[in-house]
Amino acid sequence: MVVAAPSLLARTGIPVSAADLPRLPCISSLSALNGQPWIFRKPDGGWLTVRINSRYQVNGAALAAAAAVEGLGFAILTRHLCQQAFRDGTLQAVRLNEEPAPIELRVVYASRREVSPVVDKFLHFLESSLRDQDKNQ
């Protein structure tokens, strides 16, 4: 979800569409294409690609959250990571006409029969954790 500090929203106003983001300060990632572009799903199911104005780049979600709390820019973060900041009032969700594209997580291995016990245990843990997280949202 797109998030921002109340202080930033007071300075910039609240964007309505992802197309508003290029004129606003945003926090991007140093990984995956240097955080560019941000991709959103439109209400009609299509995709919107937005090249953001990123003056602040980080190499992790925790750093992006901290920078967003400080009012350095808008960020795309998971709801789970922002729960405490939402309760504290230091971050708020920005509801746009479009939703950020979902993050895909893929695990590739040769065969279920040949998976080591450690990898098998990790895969079960991952499945269970993701299922629990979906239930809590």
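Which residue in β8 is the bridge partner of Arg41? In this predicted model, the position is taken by Glu99. The pairing belongs to an open sheet of 3 strands, ordered β4-β3-β8 and antiparallel throughout its pairing. The outer positions are held by β4 (47-50) and β8 (99-100); each has a single partner strand, so one side of each is left without a neighbour in the sheet. Between β3 and β8 there are 2 bridges, and the two strands run antiparallel. Besides the bridge between Arg41 and Glu99, Phe40 stands opposite Pro100 in β8.

On the other side of the sheet order, β3 and β4 are joined by 4 bridges, again in the antiparallel sense. Phe40 has Leu48 as its bridge partner in β4, and Arg41 has Trp47 in that strand. Phe40 is therefore placed opposite Leu48 in β4 and Pro100 in β8, in a sheet whose edge strands each have a single partner strand. The connection between β3 and β4 is a hairpin with 5 residues between the strands. Within its turn, Gly45 has a positive phi of about 95°.

The two faces of β3 are unlike in their surroundings: Trp38 and Phe40 make up a covered face, whereas Ile39 and Arg41 make up an uncovered one. In a regular strand the side chains alternate between the two faces of the sheet. Phe40, on the covered face, is also a member of the largest nonpolar core, which has 15 residues. The members that touch the most other members of this core are Leu21, Phe40, Phe74, Val94 and Leu96. Two or more residues are contributed to the core by each of β1 (2-4), α1 (6-12) and β3 (38-41). A second, separate core comprises 13 residues, including Val58, Ala67, Ala68 and Leu77.

The surroundings of Leu21 were examined further, with neighbours within four places in sequence left aside. Leu21 is in contact with Trp38 and Phe40, the two residues of the covered face of β3. Other contacts of Leu21 include Phe74 and Leu96, both of which are listed with Leu21 among the core members that touch the most others. The remaining contacts are Pro15, Cys26, Val50, Ile52 and Asn53. Of these, Cys26 is buried, with a relative accessible area of 1%. Cys82 is likewise buried, at 0% relative accessibility. The structure holds 0 disulfides.

A further open sheet has 3 strands in the order β6-β1-β7, and its pairing is antiparallel. Its edge strands, β6 (75-76) and β7 (92-93), each pair on one side only. The pairing of β1 with β7 is antiparallel and runs over 2 bridges. In one of the residue pairs, Ala4 has Gln92 of β7 as its bridge partner.

Helix α2 spans residues 61-69 and includes Ala62. The buried residues of α2 are Ala64, Ala65, Ala67 and Ala68. These cover an arc of only 165° around the axis, which puts them on the same side of α2. They pack against β1, β2 (25-29), β5 (53-58), β6 and α3 (79-88). Two of the buried residues, Ala67 and Ala68, are included in the second core. Ala62, in contrast, counts as exposed because its relative accessibility is 55%, which lies over the 50% cut-off. The C-alpha atoms of Ala62 and Leu77 are separated by 9.0 Å, with the two residues 15 apart along the chain. Just after α2, Gly71 takes a positive phi of about 80°.

A polar pair is found at strand β2, one of the elements against which the buried residues of α2 pack. Ser28 lies in β2 and counts as buried because its relative accessibility is 2%. The side chain of Ser28 makes a polar contact of 2.5 Å with the side chain of Ser54.

Terms used: Residues are numbered from 1 along each chain as its sequence is written. This is a predicted model: local features need pLDDT of at least 70, side-chain atom pairs count only at pLDDT 80 or more; totals for chains, interfaces and linings use all residues. Side-chain values use heavy atoms; hydrogens and water are left out. A nonpolar core is a set of buried Ala, Val, Leu, Ile, Met, Phe, Trp, Tyr and Cys residues joined through side-chain atoms within 4.5 Å. Buried means under 20% relative accessible area, exposed over 50%, partly exposed in between (1.4 Å probe, protein chains only). Contact means heavy atoms within 4.5 Å. Two strands pair if DSSP finds at least two bridges between them. The arc is that of the directions from the helix axis to the C-beta atoms. A disulfide is a pair of cysteine sulfur atoms within 2.5 Å. A polar contact is a pair of N or O atoms within 3.5 Å; within protein, one must be able to donate a hydrogen and the other to accept it, and residues adjacent in sequence count only if both atoms are side-chain atoms.
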